[in-house]
Amino acid sequence: MKLKKQVTVCGAAIFCVAVFSLYLMLDRVQHDPTRHQNGGNFPRELGVTAFWFFWQSQISVLQNRIEQLEQLLEENHEIISHIKDSVLELTANVEGPPALLPYYTANSSWVVPPEPRPSFFSISPQDCQFALGGRGQKPELQMLTVSEELPFDNVDGGVWKQGFDISYSPHDWDTEDLQVFVVPHSHNDPGWIKTFDKYYTEQTQHILNSMVSKLQEDPRRRFLWAEVSFFAKWWDNINAQKKAAVRRPVPVGEHGRAVGPRMGVRLVGNGQLEIATGGWVMPDEANSHYFALIDQLIEGHQWLEKNLGATPRSGWAVDPFGHSPTMPYLLRRANLTSMLIQRVHYAIKKHFAATHSLEFMWRQTWDSDSSTDIFCHMMPFYSYDVPHTCGPDPKICCQFDFKRLPGGRINCPWKVPPRAITEENVAERAGLLLDQYRKKSRLFRSNVLLVPLGDDFRYDKPHEWDAQFFNYQRLFDFLNSKPDLHVQAQFGTLSDYFDALYKRTGVEPGARPPGFPVLSGDFFSYADREDHYWTGYYTSRPFYKSLDRVLEAHLRGAEILYSLAVAHARRSGLASQYPLSNFALLTEARRTLGLFQHHDAITGTAKEAVVVDYGVRLLRSLVNLKQVVINAAHYLVLGDKETYHFDPEAPFLQMDDTRLNHDALPERTVIQLDSSPRYVVLFNPLEQERLSVVSLLVSSPRVRVLSEEGQPLAVQISAHWNSATDMAPDVYQVSLPVRLPALGLGVLQLQLGLDGPRTLPSSVRIYLHGRQLSISRHEAFPLRIIDSGTSDFTLSNRYMQVWFSGLTGLLKGCVSWQSIRRVDEEQEQRVDMEFLIYGTRTSKDKSGAYLFLPDGEAKPYVPKDPPVLRVTEGPFFSEVVAYYEHVHQVVRLYNLPGVEGLSLDVSLLVDIRDYVNKELALRIQTYIHSQGTFFTDLNGFQVQPRRYLKKLPLQANFYPMPVMAYLQDAQNRLTLHTAQALGVSSLHDGQLEVILDRRLMQDDNRGLGQGLKDNKRTCNHFRLLLERRTAGREVQDGLSTSYPSLLSHLTSMYLNTPVLALPVAKRQLPGPALRSFHPLASSVPCDFHLLNLRTLQAEDDSLPSAETALILHRKGFDCGLEAKNLGFNCTTSQGKVALGSLFHGLDVVFLQPTSLTLLYPLASPSNGTDIYLEPMEIATFRLRLG
């Protein structure tokens, strides 16, 4: 009763405040002093001009009133937000009566009574304006429009096969010399044909060793490097003399801090060696999630600053298979000013070359003030190798790749070999090369020319260094000695080129040169020739794409929990007892995750042995991260921290699951019950409070579950199945709804014994469809066998009702179907689901790891036998499992208020190891009138509208889907959320189609030399969310941006960051008292995502410093989707967060905004801890908690 009274009082207070605020608004408008100016009646004797001026003044008065009303609404929103926080705090801290029990209704459905606490959905009107767009000037180049307008006709261009003939006049440079920068580089894949370590041993170390000696021989020489993962391994294996040649030790002042800019004076300091981009790898931009992209960039930049004193200025991405606008955004936030890209569709390259648009300012689609602009250079030709970089004719350019001199191991395919440069031939050779330089320069707007000179693993032998540098220097010396040629040629780095371009065009580095275009959008999907679209790698090896995201979620959770545990231990004076050395495990995991973002790793395009190497690394880091989480949770959950004792041989907590090896699916830990109570610690990695169903495996169906306070909880008991019809002996699943604090820990107690009213068994029925199968039973679970029934049936919760076919589970005949009806709607929304099979072509060119070359439209998947269906129903979840030969499908509906209950959980266990040249796809068909438009995310960071283009082949219309894809019309939006990156398309109106796995027997001639034959049993996990548009919030046509709703953002977070359930190891009782851990003192606005709380490295590499990097992202969201009765708490705050009062029990003693990777402070450290972020902004803060 006490709780109810408090809630009633607080609710009344909110109502009073709202009414009083509205009264004040009306009162202020009515007494507006401007209201009575000029009177209310217009004098008839005045003329038309005076009439016009009168109405202008009235409009001005009206505008002032509207602005006052808007301001008052914002104030009212803030007041209600504060009251909401107070109410939630009261209801959270007051122990109320026992929760009401679920009950079974007469119409055979379960009802879970609502919680005795309010939920709030309070969105500031200001925060809804962002997604409406329309601000700022449109860019000249919008990639969606470019693709719609281009013919993609692939006309033969002569020597530049994918381009056109280029002409020039020798007098074009009479007024301004052509300035040429030849950039020697070596592209080192951290795993592809060989493993990372094998590449390092056999090639990379020799490249870097030779670099040190060969660059020192002549100060005019330059070299460009990108992959810090290799550089760091080399650094750890070289002597002090070599290190000194690359950089000098940084001067150190008082208190051990670096003095002055961290700049070396040797190869890095004098500009001979440039580290471009500076990430741990050159990442794939299609499948990688933005958390991992940022993390590998921070890891690389922090390593460079600490070891070389280097700060990257320019981005270099020559090999990713298509380019995402997320990368330019992140590079700009890291304070880079320029970047280069290479793998772009050949037709787009030709178009940009013809319109002198190969260099542009790349701007984010939402940007209205050019703050996200970064200068981008697109390489114009087929490849980044030497034959395709000096000019349009590869036959001539190959003659200037001096590694291919006669007698070497490689030669020129065009049958004309290079010739060493001598005094006798230098004039002729220089003239031939200059002709290519001049032709290439005619494609650009400035007279500064970039000519890369390198390829994969180049410069691994000293004689190659000599051949390239000696011969080119002779050519340069000749060209530079002839003023009438109007050319100045030299070796340079990427930043040398950009600096010269900025100087020539008269702008500051990073600024927009006059007349250069602005571009927004992305460069997917990529084709390098003909109809060879690189859209297969969006799905290739999905098992490891899934494992990547599991590791990512564990890394983020471990980072946050470790940072909080260390801060609390230091504040309590117990840091010496805490395993600070776990920081080394975090570092290794960061580097493993970073390594796997490489564009031949997460893409699934490496040799089988290399994939195994990646998998072993991923699993080792996953196990280590679970250990970090266990150790941090152990400390934080103890009621008395003085009792904390770290024993590596006997961990306090067990892992939630284990994997037998790197290519096995996880097996959940079974909690053994006996006469002693068992405890489980639950970790919520989300920055929002969370209500989720948690499922645990236990050894007995006779189980009672108690809350931290000892209050009995209602639970759903289910059988655990080994197969369609075989119950696992002595393993049972107990499921219950649990509310967990944001970023916090909860505690459950499990006891052996029955609690009749609260231990609620699931009911099961199995559809055999005439198949003679034996079925195991258990007395604890009602089981009904339906031998030949095919009647349709439904599952429902408070939000929706879902229809299934009794014959096929989700398939009806050859077409799967499932209709969803929201409970508050009379009309159902039809959602049909179907499995499909793609074959590959019979011609020479076939699908492989990179390419998707289907033999036409997909055909329906036809199983050998009808599926066994198992339908489980219970108070907290119900599910339908359909067992097919190649896929086991689980569709689960949670009976909970809030995020969990508002979407449909879909898991597909795919096994196509017996397929030959086939790909398995899932098609979702709706009645949404999408009109050829669909939406896919880019790196989980932003959403890109897509158009189905009939002029392109089927495979060209597939795009990466790291996190979500959706369809929408004026009434509805259907979003498919995914927990792993896969390829997606919409080939017909109202359809989404996802490629689930691919088994291909041949190489696709892109250098790998293997097919895809190492398929694994793979679990693909999705959430299907149906949302209705609010009346008056219709979709605006023609926008280049689109945003998920807040509900959709949260659904994605729930899917990708599941609760971790960590059983307390069995011990002699009584054990230490456990208390839930609430790290946040106030709620984070629900449009904010805490990307990371990343402890920074101390001078000792293996230990943490006292500082952490706090990385926040304010998400853009669409308010036009209905947000009433959602059952969860959500408030926005116009981008403001008070960090000083955010952490419970910890003070923010130091706060400094920095660039994304912490290399540049953006402001002085401040006593103020209130921060502001723009929508879509990612911001990093150097933070010290104490």
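This is the transcript of a short group-meeting talk on the structure shown above.

Good morning. The structure on the screen is a predicted model. I shall begin with the whole chain, then turn to its cores, two of its helices, a sheet, and finally some individual residues.

The protein chain has 1186 residues, of which 61% count as buried. Its secondary structure consists of 17 helices and 55 strands. Consider next the contacts in the chain with a separation of 6 or more: 75% of them are accounted for by residues 24 or more positions apart.

Let us look at the interior. The largest nonpolar core has 256 residues. Which of its residues touch the most other members? They are Phe-231, Leu-273, Phe-352, Tyr-437 and Phe-523. Helix 16, which covers residues 608–637, supplies the largest share of this core, with 15 residues. Another core, of 33 residues, lies apart from the largest one, and among its residues are Val-705, Trp-721, Leu-740 and Leu-750.

Phe-523 serves as an example from the largest core. Setting aside residues up to four places away in sequence, Phe-523 touches Met-143, Gly-322, His-323, Ile-341, Val-344, Ile-348, Phe-352, Phe-360, Trp-362 and Met-378. Phe-352, in that list, is itself one of the residues that touch the most other core members.

I turn now to helix 14, residues 542–571. How far apart are its end C-alpha atoms? At 1.5 Å a residue, the 30 residues of helix 14 should span 44 Å, and the end C-alpha atoms are indeed 44 Å apart, so the two values agree. Helix 14 is also largely enclosed by the rest of the structure, because 27 of its 30 residues are buried. After helix 14 comes Gly-573, which has a positive phi near 75°.

The loop between strand 14 and helix 14 deserves a moment as well. As a reminder, most residues other than glycine have a negative phi, and most peptide bonds are trans. Ser-525 lies in this loop, strand 14 being residues 518–520, and the peptide bond from Phe-524 to Ser-525 is cis, with omega near 0°. Glu-530 has its place in the loop between strand 14 and helix 14 too. Its phi is positive, near 45°, although Glu-530 is a residue other than glycine. With a relative accessible area of 44%, Glu-530 is partly exposed.

Elsewhere, Asn-335 is not a glycine either, and has a positive phi of about 80°. Asn-335 sits in the loop between helix 8 (326–333) and strand 9 (338–341). Is Asn-335 buried or partly exposed? Its relative accessible area is 32%, and buried means under 20%, so Asn-335 is partly exposed.

The next helix to consider is helix 11, residues 426–441, which contains Gln-436. This residue counts as buried because its relative accessibility is 1%. What does the side chain of Gln-436 reach? At 2.9 Å lies the backbone nitrogen of Asp-393. Leaving aside neighbours within four places in sequence, Gln-436 is in contact with Cys-390, Gly-391, Pro-392, Asp-393, Ile-396 and Cys-397.

Now for the sheet. Strands of a sheet pair through backbone hydrogen bonds, either parallel or antiparallel. The one I have chosen is an open sheet of 11 strands with mixed pairing, in the order 27-26-35-36-37-38-47-44-43-40-41. Strand 27 (783–786) and strand 41 (942–947) stand at its edges; each has a single partner strand, and so one side of each is left without a neighbour in the sheet. From one strand to the next, the twist averages 20°. Within the sheet, strand 40 (residues 933–938) and strand 43 (residues 964–968) pair in the antiparallel sense over 2 bridges. The bridge partner of Thr-936 in strand 43 is Ala-965. Helix 17, residues 1046–1056, packs on the sheet and touches strand 43, strand 44 (972–978) and strand 47 (1018–1028). The direction of helix 17 makes about 160° with that of strand 47.

I close with Arg-1067, found in the loop between strand 48 (1060–1063) and strand 49 (1088–1097). At 38% relative accessibility, Arg-1067 counts as partly exposed. The C-alpha atoms of Arg-1067 and Ser-676 are separated by 9.2 Å, while the two residues are 391 residues apart along the chain. Apart from neighbours within four places in sequence, Arg-1067 is in contact with Ala-650, Pro-651 and Phe-652.

Thank you for your attention.

Conventions. Residues are numbered from 1 along each chain as its sequence is written. This is a predicted model: local features need pLDDT of at least 70, side-chain atom pairs count only at pLDDT 80 or more; totals for chains, interfaces and linings use all residues. Side-chain values use heavy atoms; hydrogens and water are left out. Helices (H or I, at least four residues) and strands (E, at least two) are DSSP runs, numbered from the N terminus. The expected span of a helix is 1.5 Å times one less than its number of residues. Buried means under 20% relative accessible area, exposed over 50%, partly exposed in between (1.4 Å probe, protein chains only). A polar contact is a pair of N or O atoms within 3.5 Å; within protein, one must be able to donate a hydrogen and the other to accept it, and residues adjacent in sequence count only if both atoms are side-chain atoms. Contact means heavy atoms within 4.5 Å. Two strands pair if DSSP finds at least two bridges between them. Axes are lines fitted to C-alpha atoms, for helices over the stretch in contact, and angles run from 0 to 180 degrees between N-to-C directions. A nonpolar core is a set of buried Ala, Val, Leu, Ile, Met, Phe, Trp, Tyr and Cys residues joined through side-chain atoms within 4.5 Å.
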